[in-house]
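Got the model open in your viewer? Here's a walk through a few spots worth selecting, one stop at a time.

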Amino acid sequence: MQTLIDIKDLNLYYGTYHALKNVNLEIPEKAITAFIGPSGCGKSTLLRTLNRMNDMIAGSKIEGKVEIAGTDIYGKEVDVETLRKKVGMVFQQPNPFPKSIYDNIAYGPRLHGVRSKKRLDEIVEHSLRKAVLWDEVKDYLKRSAFSLSGGQQQRLCIARALAVNPDILLMDESTSALDPISTLKIEELAQELKAQYTIVMVTHNMHQAARVSDRTVFFLNGEVVEATETEKLFSNPSDQRTEDYITGRFG
Ligand SMILES: Nc1ncnc2c1ncn2[C@@H]1O[C@H](COP(=O)(O)OP(=O)(O)O)[C@@H](O)[C@H]1O
Ligand SMILES: [Mg+2]
């Protein structure tokens, strides 16, 4: 597998708190990588460094490098808006805008200069189809996004991220607020999307990581303990701490 994201000697501090400790990690393209580990171990923090969402947190400081397709995303010439377009993010709680289903999807493309109604219609349909939501909403595009169920709202948020044509999709516990059936739909969707996108998902749920990911990264106290093929990590981990975690001895 080809590496798309290359994290080198990364340290992150919140004030004096050392939240990520010398992280070195390669993330392959067009695959699903899962981040697992106990609450507070730095999974979301590392995910946020991949589209510079951490820039917005006052007092956070980063050292080291994050390269995406060979470019240091913390380099001076990098435009953060363009970066976030290329590296989309979906959060724990579905967070559609208080707008229509259509306008939720059209928002990003409009922001980036798409004006043609015909082109916007195409993007809306295409994005909703990719998120396997089109058939459920095609007759209600003018309705408020809030009229949708939680699971549909989350697929809408995925469609919204896809509408600006990203390479990478970050998902931070994006199914933890959903019922089991909606969760399964999002997991199936992620499996389909990995043909075209690189997916990095934080999950609280080890079974989810085992079900859907190609590679799994186990974190503890801000450090990467083990990063390997999912099958290997869950069947034959190299580190005793991984073994203790996956067998439920802590966490
Ligand atoms: N904005 C912040 N300011 C200060 N500390 C933070 C902030 N966000 C997270 N932390 C701390 O950094 C550590 C890692 O947090 P986080 O990345 O959210 O962990 P996880 O996603 O694995 O649960 C935790 O100890 C958390 O309290
Ligand atoms: Mg988190």
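Start by selecting α6 and α7: these two helices cross in a right-handed sense. Bear in mind as you click around that this is a predicted model. The pair to display is residues 150–162 for α6 and residues 180–193 for α7. Their axes sit 9 Å apart, at an angle of about 20°. With angles under 35 degrees counted as roughly parallel, that makes α6 roughly parallel to α7.

Now show side chains at this contact. On the α6 side, pick G151, Q154, R155, I158 and L162; their partners in α7 are S182, K185, I186, L189 and L193. Colour them by class and you get five nonpolar, three polar and two charged residues.

Next, keep α6 on screen, hide α7 and bring in α3, residues 101–111. How far apart are the axes of α3 and α6, and at what angle do they cross? The axes come within 7 Å, and the crossing is at roughly 30°. So α3 and α6 are roughly parallel to each other, and the crossing of α3 and α6 is right-handed.

Zoom in on the residues that touch: I101, N104 and I105 come from α3, while L156, A159 and R160 come from α6. By class, the contact of α3 with α6 holds four nonpolar residues, one polar and one charged.

Stay with α3, but swap α6 for α4, residues 117–130. Here the angle is about 115°, with the axes of α3 and α4 9 Å apart. Since 65 to 115 degrees counts as roughly perpendicular, α3 is roughly perpendicular to α4. The crossing of α3 past α4 is right-handed.

To see what fills this contact, select I101, Y102, I105, A106, P109 and R110 in α3, then K117, L120, D121, I123, V124, S127 and L128 in α4. Nine of the residues in the contact of α3 with α4 are nonpolar, one is polar and three are charged. Look again at I101 and I105 in α3: they meet α4 residues here, and they also appear in the contact with α6.

Last stop: ligand 1. Which of the 13 residues around ligand 1 come nearest? Select G40, G42, K43, S44 and T45.

Then turn on distances for three polar contacts:

- C41: a polar backbone atom is 3.2 Å from an oxygen atom of ligand 1.
- G42: a backbone N or O atom lies 3.1 Å from an oxygen atom of ligand 1.
- K43: this time pick the side chain, where a polar atom lies 2.9 Å from an oxygen atom of ligand 1.

How values were computed
Residues are numbered from 1 along each chain as its sequence is written. Chains are lettered from A and ligands numbered from 1 in the order in which they are written. This is a predicted model: local features need pLDDT of at least 70, side-chain atom pairs count only at pLDDT 80 or more; totals for chains, interfaces and linings use all residues. Side-chain values use heavy atoms; hydrogens and water are left out. Axes are lines fitted to C-alpha atoms, for helices over the stretch in contact, and angles run from 0 to 180 degrees between N-to-C directions. Helices (H or I, at least four residues) and strands (E, at least two) are DSSP runs, numbered from the N terminus. Angles under 35 degrees count as roughly parallel, over 145 as roughly antiparallel, 65 to 115 as roughly perpendicular and the rest as oblique. A crossing is left-handed if the near helix is turned anticlockwise from the far one by less than a right angle, and right-handed if clockwise. Contact means heavy atoms within 4.5 Å. Ala, Val, Leu, Ile, Met, Phe, Trp, Tyr, Cys and Pro count as nonpolar, Asp, Glu, Lys and Arg as charged, and the others, Gly among them, as polar. A residue is near a molecule or strand if one of its heavy atoms lies within 4 Å of it. A polar contact is a pair of N or O atoms within 3.5 Å; within protein, one must be able to donate a hydrogen and the other to accept it, and residues adjacent in sequence count only if both atoms are side-chain atoms.
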